Each structure stands twice: as C-alpha cells, then as structure tokens.
Amino acid sequence: MNESVSRFWNNRPMIISGPCSAETAQQVMDTAIEIAKNPQVGLFRAGIWKPRTKPGMFEGVGAPALAWLKDAKAATGIPTTIEVATAAHVELALKHEVDVLWIGARTTTNPFSVQEIASALDGIDVPVLIKNPINPDIELWVGALERIEKTGKSHLGLVHRGFTEFGNTIYRNAPMWQLPIEMKRRYPNIPLICDPSHISGNRQLLQSVAQTSIDLDFSGLMIESHITPDEAWSDAAQQITPAQLSTMLLQLIWRSAKSESEHLHESLDILRTKIDEYDNQLIELLAERMKMADQIGAFKKENNITILQSERWNQILDKILAKANQLGLSETFVRKYIEAVHLESINHQNKIMNNS
Ligand code: PEP
Ligand code: MN
C-alpha cells in the first residue's frame with residue numbers, strides 16, 4: 001500500500017468524496033482539484049460502471065474514465081476508489097492503478113458476483129470496501145466480507161449506505177442503524193464508514209445522518225460531491241459541491257468513543273450501573289409477564305377460546321400509547337416494543353394451547 005493510501009487508512013475520520021459518477025474528463029479533474037483543497041479528504045471516489053435499477057438510465061462512462069481518474073490522482077495526489085462488480089472491472093481497475101476498490105450494495109446481495117470478484121482478487125493485496133446489501137440481511141453483508149477476507153486482504157472496510165424499505169420514508173435508503181451497530185460489534189477492528197448520501201437521497205438530511213454516524217463511533221464518511229451538483233448525470237439531488245462538503249465537515253461535531261478524564265469515566269460508570277440495573281429489572285419483568293401469558297393460555301385452552309381477543313389488544317395498545325405519551329416516550333418506539341411483547345406472548349400461549 002503506498003503512502004497516500006496508508007495515510008487515508010490510518011487517519012480518523014476516514015473521509016471519501018467525489019462524484020456519484022465520472023461524467024467527463026473535465027468534471028472529474030475539476031471536482032478532484034476542488035476536493036484536494038481540503039486535506040481532510042483522503043480518498044477520491046467516482047462511479048464508472050453504474051448499476052441502475054432500470055435500463056435507459058445513465059449507466060456510467062465505463063473504462064475511458066479510468067484514465068481520467070489516473071490524471072486526477074497525478075494532479076492532486078489523492079488516491080482513488082471505484083466500484084467494481086465483475087472480474088473484468090477488477091482487472092481494469094488494477095491495471096489503471098485504482099487504489100481502493102468498493103463493492104456496491106446491489107453486488108453484495110449476490111454471492112455469485114461477490115465470489116467472482118473475490119476470485120479475481122485472490123492473492124492481490126488491494127484495500128476493499130464492502131457496502132451493505134440493499135436488503136437488511138446482515139448475513140449477506142458478513143458473507144461478502146468473508147469471501148473477500150478469504151483471499152488474504154489486509155485492509156478491508158465496511159460501508160453503511162442504508163437499506164431498501166417499502167413505502168414512504170424520509171430516507172432514500174433507511175439507515176436501520178441496528179445493522180451497522182451489530183457489524184461493529186462483530187468486527188470491532190474493521191473500519192465502518194457511513195455513506196449519508198445514499199441514505200439521505202437529498203442534501204437536507206446529509207448532515208444529520210452524518211452526525212448520527214459520528215455519534216455511533218463510525219470510522220468515517222463517504223459523501224458524494226460534484227463540481228455542479230444540480231447538473232449531475234446521476235444522483236443530482238443528493239450531491240453537494242466540494243465547498244459545501246468542507247463547510248459540512250467543519251460543522252459536524254467530532255466526538256471520540258473514550259474520554260481521557262478519570263472523573264468523566266466515574267460519572268459515566270455510575271450512570272451505566274443504573275442502566276444495567278434497569279435492564280435487569282426489565283428482563284425479569286418480561287419473564288414474569290410471559291409466565292402470566294402461560295397461565296392465560298392454559299385458561300383459554302380449558303375454556304376453548306381464541307388466543308387473540310382484538311378488543312383486549314386494542315385496549316392494551318391505547319392505554320400504553322397514552323401512558324408513553326405522558327412520559328415523553330416516542331410512539332414509534334413504544335408501538336414496536338409492545339407489538340414485539342404481544343407477539344411473544346401469543347407464541348407462549350400458542351405453545352401451551354397446541355403443544356401439550
Ligand atoms: C454509489 O456509491 O454511487 C452507489 C451506486 O452506491 P450503492 O451501491 O450504495 O447504491
Ligand atoms: Mn450515487
């Protein structure tokens with residue numbers, strides 16, 4: 001790994017930026033030069049083969065852009081990264097000295113494609129970033145990581161770009177933070193980078209998504225930027241200018257996972273002990289609640305009545321949501337919580353009624 005790539009890899013935060021797509025030699029060069037004015041940005045990105053949902057959309061300029069990226073690197077000194085989706089992409093990228101490869105969200109969903117890329121990379125020690133699959137299936141993300149890991153890479157990273165969700169949400173791709181949090185728990189030593197551009201799908205949400213990732217102790221950010229974002233050939237709504245990127249990076253509040261101060265540690269420990277106690281009580285109460293559900297199941301079985309009593313369930317829901325509101329808890333959270341508890345309670349009753 002050359003010096004500029006290792007500087008990028010070892011610095012925190014790791015900042016990647018550049019256009020969604022390479023469009024013209026001029027656009028790549030101009031964007032790279034503007035980005036290079038900010039020393040925080042350590043890696044220049046550009047998509048050259050674009051996986052688009054429907055045919056007829058701009059699918060990237062392809063191989064000719066490899067030379068543009070090489071020129072941009074020569075002019076600015078910033079190492080480069082592109083998305084690869086096939087063995088042929090890998091071969092061309094390496095031939096043109098692309099420094100870091102990334103596997104896109106649609107590719108991560110497909111083990112055949114990931115394996116094809118892995119085989120093309122066998123024994124070649126180039127850094128690879130793996131975006132989460134578009135569907136919230138953590139094992140697919142893990143599987144892609146393992147396939148690439150097996151080929152002996154010393155530098156692997158994960159990119160969180162959000163997940164497809166049906167229906168209207170404020171996000172283009174829902175962040176579902178519990179998934180990257182779980183990846184971080186399983187792979188504490190692999191850098192986890194947030195891509196707020198593809199999560200947000202617009203400029204307004206970018207900063208708050210980026211801030212959330214920082215507060216969750218992510219290792220860095222991949223943010224799309226373009227010299228004239230409104231005229232971008234792909235993902236125009238979410239791209240910002242390099243100058244806007246610099247402002248945003250300044251406005252973000254960078255926090256660290258650990259504090260040096262003893263006193264702060266002690267105060268945090270006291271609060272954490274309380275949280276542990278509450279968690280313990282919550283679990284014990286839940287176990288008691290389920291025992292009650294077992295008794296109710298036995299009663300319903302004896303009297304031959306159904307598990308679900310819609311009227312009762314409505315009453316529970318109304319009461320709990322009113323109480324939650326009084327206590328300042330979010331309705332979305334409490335609804336999710338009580339629905340999960342209710343479902344588990346039905347499972348308990350079902351076992352009692354049908355398994356013995
Ligand atoms: C991209 O980074 O431009 C891209 C296509 O991303 P994703 O694979 O996350 O959709
Ligand atoms: Mn994009």
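Modeller: Before we start: a helix axis here is a line fitted to C-alpha atoms over the stretch in contact, and angles run from 0 to 180 degrees between N-to-C directions. And keep in mind that this is a predicted model.

Colleague: Fine. Why is α12 called oblique to α14?

Modeller: Helix α12 (residues 262-302) and helix α14 (residues 331-354) pack at about 45°. Roughly parallel needs an angle under 35 degrees, and roughly perpendicular runs from 65 to 115. The 45° value falls in neither range, so α12 is oblique to α14. Their axes lie 8 Å apart, and the crossing is right-handed.

Colleague: What makes the α12 and α14 pair a contact, and which residues meet there?

Modeller: The criterion is heavy atoms within 4.5 Å. On the α12 side, the residues include Leu 286, Met 290, Ala 293 and Lys 301. The α14 side includes Tyr 337, Val 341, His 348 and Met 353. By class, the contact of α12 with α14 splits into ten nonpolar, four polar and five charged residues.

Colleague: What about α2 and α3: why the name roughly parallel?

Modeller: The axes of α2 (residues 25-35) and α3 (residues 64-76) cross at roughly 30° and come within 9 Å. Angles under 35 degrees count as roughly parallel, which means α2 gets that label relative to α3. The crossing of α2 and α3 is right-handed. Ala 25, Val 28, Met 29, Ala 32 and Ile 33 in α2 meet residues of α3, including Trp 68, Leu 69 and Asp 71. The α2 and α3 contact has nine nonpolar residues, one polar and one charged.

Colleague: And what makes α7 and α8 oblique?

Modeller: The axes of α7 (residues 138-149) and α8 cross at roughly 40° and come within 10 Å. That isn't under the 35 degrees for roughly parallel, nor in the 65 to 115 range for roughly perpendicular, so α7 and α8 are oblique to each other. The crossing of α7 and α8 is right-handed. In α7, Ile 138, Glu 139, Trp 141 and Val 142 meet Leu 179, Pro 180, Glu 182, Met 183 and Arg 186 in α8. That gives six nonpolar, no polar and three charged residues.

Colleague: On to ligand 1. Which residues are around it?

Modeller: Among them are Cys 20, Arg 45, Lys 50, Trp 102, Ala 105, Arg 161 and Glu 224.

Colleague: What distance lies between a polar side-chain atom of Arg 45 and an oxygen atom of ligand 1?

Modeller: For Arg 45, 2.7 Å. A polar contact is a pair of N or O atoms within 3.5 Å, so the Arg 45 pair at 2.7 Å qualifies. A polar side-chain atom of Arg 161 lies 2.6 Å from a ligand oxygen, and for Ala 105 a backbone N or O atom lies 2.8 Å from one.

Colleague: Any oddities in the backbone? What joins Arg 12 and Pro 13?

Modeller: A cis peptide bond, with omega about -5°. Pro 13 sits in the loop between α1 (3-10) and β1 (14-18). Met 176 has phi near 40°, a positive value in a non-glycine residue.

Colleague: Why flag those two?

Modeller: Because most residues other than glycine have a negative phi, and most peptide bonds are trans.

Colleague: Where is Met 176 found?

Modeller: In the loop between β6 (156-160) and α8 (178-186).

Note on methods. Residues numbered from 1 in each chain as written. Chains lettered and ligands numbered in written order. Predicted model: local features only at pLDDT ≥ 70, side-chain atom pairs only at ≥ 80, totals over all residues. Heavy atoms only, no water. Helix = DSSP H or I, 4+ residues; strand = E, 2+ residues; numbered from the N terminus. Parallel < 35°, antiparallel > 145°, perpendicular 65-115°, else oblique. Left-handed = near helix turned anticlockwise from the far one by under 90°. Nonpolar A, V, L, I, M, F, W, Y, C, P; charged D, E, K, R; others polar. Near = heavy atom within 4 Å. Polar contact = N/O pair within 3.5 Å; in protein donor to acceptor, adjacent residues only side chain to side chain.
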